[in-house]
Every structure is written in structure tokens, then in C-alpha cells.
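Open the model in your viewer and show it as a cartoon. Have the selection tool ready, and take the stops in order.

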Amino acid sequence: MAFRVRDNVPGVAAALSVVSLALVFGAVLGYIPASLLPHVSESALDLIPHVNAVLSTTAIVTIVLGVRAIRRGNVARHRTLMLSTLGLFIGFLVLYLYRLTILEGPTEFPSQGVVYQFVYLPTLAVHILLAIVCIPLLYYVLLLAVTRPIEEIYETRHKTVGRVAASLWLVSFVLGDVVYSLLHLVN
């Protein structure tokens, strides 16, 4: 009997989540040597947070439009928008991890005062937590969507899990924009 992803969506989603999170944490914790990555100019590195803010804001729009499309019954548009959001998320993550690995650390908050302690850190923590929680949910709904004809998707938990995933993903992107604003615009 051959292994079929459609028959093992929860297990495949879990395995992909573990591998993805291991790669992310490996990059964050410095286990991926910067020498293995291509080098870009300092000015290009400095642009990454701004490009990521654009990617994040665009992802907010595509999530909202994707939810709106499915509520109106436009499955093709929903699929296109949600896959676009996934591409934006991957682009964001690759650029963020690249910059983090090359520069050996995240951008420092300019001060250690009240805004840092009571706004920036909690916002950053919730943003990161939601981004991590979204990974298995996103794999799950994506695998359900790509392994079944559209008619069969309605018989799965895609809608239920997708609502949770889209909501958490949306909040994570919004909080990411707040973190960006606190780091680059407010201070």
C-alpha cells in the first residue's frame, strides 16, 4: 500500500511543522553559519525590514480579501489569495532569517523604558507565538486544500481550522507591523 498524503494530512502537517520550526530555530539560534549564505551589501540588509513591512502589510490585505472571497463563494479567488499570502509569508520569513543570520541577532530596541517593557516586548512575544502556532495549522489547511478536489474540501475540517489559522495569521501579521513601527518609525 502506497503512502498518500491525503490519507495522512495530520501526520504530514506535523512532520512538516517540526522540520520548518527546526530550520527557523536553527537560524535564530545561530546553527546555520552565515558563511553558507550569499552576502549582500549593507544597504540591501538595511532594506530588509522595510521590504518585510511591505510583505506583511500586503499579506494582511490578501488574508482579508481571501476570507471575503470564500464568504462570497469564490473558491478560486480564495485559493489564489491564500496561496499568495503563503508566498508572502515565506518571503518574509526567508528575508527575516537571512538578515538575522547574517547580522547575528535581531534589531535592538532603542531604549529599555516603559514602551520597551510594556508595549514592545509583549507585542513581539505574542507576534512570535502566533507565528509559531500558525505553522501546523497552515500546513494542515494547505494539505487538505491541495490533496482534494474542491467538492471534497467541504467534507473536511478545512473551514474550521482555516478560520482559526487565518485569524491568528492575520493578528500575527498586524502585530508584526506594530513591531516594525515601534522599531523603525516611532523611535
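**The whole chain**

Start at the N terminus and follow the chain to its end: the order of elements is α-α-α-α-α-α. That makes six helices and zero strands. Keep in mind that this is a predicted model.

Zoom out. Along the principal axes, the C-alpha atoms fill a box of roughly 55 × 40 × 30 Å. Colour by burial next. Of the 187 residues in the chain, 36% are buried. Now turn on contacts, keeping those with a separation of 6 or more. Residues 24 or more positions apart supply 78% of them.

**Stop 1: helix α1**

Select residues 9-28, which form helix α1. How far apart are its end C-alpha atoms? They are 28 Å apart, and this agrees with the 28 Å that 20 residues should span at 1.5 Å a residue.

Show side chains. Which residues of α1 are buried? They are V9, V12, A13, S17, S20, V24, G26 and A27. Part of their cover comes from α3 (75-103) and α4 (114-146). The next two stops take these partners in turn.

**Stop 2: α1 against α3**

Select α1 together with α3. Their axes come within 9 Å and cross at roughly 30 degrees. The two helices are therefore roughly parallel, since an angle under 35 degrees counts as such. On the α1 side, pick V24, A27 and V28. On the α3 side, pick L93, L97, L100 and T101. This contact between α1 and α3 has six nonpolar residues, one polar and no charged.

**Stop 3: α1 against α4**

Swap α3 for α4. The axes of α1 and α4 are again 9 Å apart, with a packing angle of about 140 degrees. That angle makes α1 oblique to α4. The crossing is right-handed.

Show the side chains on both faces. From α1 come V9, P10, V12, A13, L16, S17, S20, L21 and F25. They meet I132, I135, P136, Y139, Y140, L143 and L144 of α4. Count by type: 14 nonpolar, two polar and no charged residues make up the contact of α1 with α4. Several of the α1 residues here are also on its buried list, including V9, V12 and A13.

**Stop 4: the loop after α1**

Move on to G30, in the loop between α1 and α2. This glycine comes just after α1 and takes a positive phi of about 85 degrees. Buried or exposed? G30 is exposed, because its relative accessible area is 52% and the cut-off for exposed is over 50%.

Draw a distance from G30 to T101. Their C-alpha atoms lie 6.5 Å apart, across 71 residues of sequence. You have already met T101, on the α3 side of the contact with α1.

Step along to L36, which sits in the loop between α1 and α2 as well. L36 counts as exposed, with 64% relative accessibility. Draw a second distance, to I102. The C-alpha separation of L36 and I102 is 9.9 Å, with their positions 66 residues apart in sequence.

**Stop 5: α2 against α6**

Select residues 42-71 for α2 and residues 158-186 for α6. The axes of α2 and α6 are 9 Å apart, and the packing angle is about 150 degrees. How do the two helices run, roughly parallel or roughly antiparallel? They are roughly antiparallel, because the angle is over 145 degrees. α2 passes α6 in a left-handed crossing.

Bring up the side chains. α2 contributes P49, H50, A53, S56, T57, A59, I60, I63, V64 and V67. α6 contributes A166, W169, L170, F173, V174, D177, Y180 and H184. Sorted by type, the contact of α2 with α6 holds 13 nonpolar residues, four polar and one charged.

**Stop 6: L168**

Stay on α6 and pick L168. With 24% relative accessibility, L168 counts as partly exposed. What does L168 touch, beyond neighbours within four places in sequence? Its contacts are L130, V133, C134 and L137.

Finish with one more distance, from L168 to T58. These two are 110 residues apart along the chain, and their C-alpha atoms are separated by 16 Å.

How values were computed. Residues numbered from 1 in each chain as written. Predicted model: local features only at pLDDT ≥ 70, side-chain atom pairs only at ≥ 80, totals over all residues. Heavy atoms only, no water. Axes fitted to C-alpha atoms, helices over the stretch in contact; angles between N-to-C directions. Helix = DSSP H or I, 4+ residues; strand = E, 2+ residues; numbered from the N terminus. Parallel < 35°, antiparallel > 145°, perpendicular 65-115°, else oblique. Left-handed = near helix turned anticlockwise from the far one by under 90°. Contact = heavy atoms within 4.5 Å. Nonpolar A, V, L, I, M, F, W, Y, C, P; charged D, E, K, R; others polar. Buried < 20%, exposed > 50% of the residue type's maximum accessible area, 1.4 Å probe, protein only. Expected span 1.5 Å × (residues − 1).
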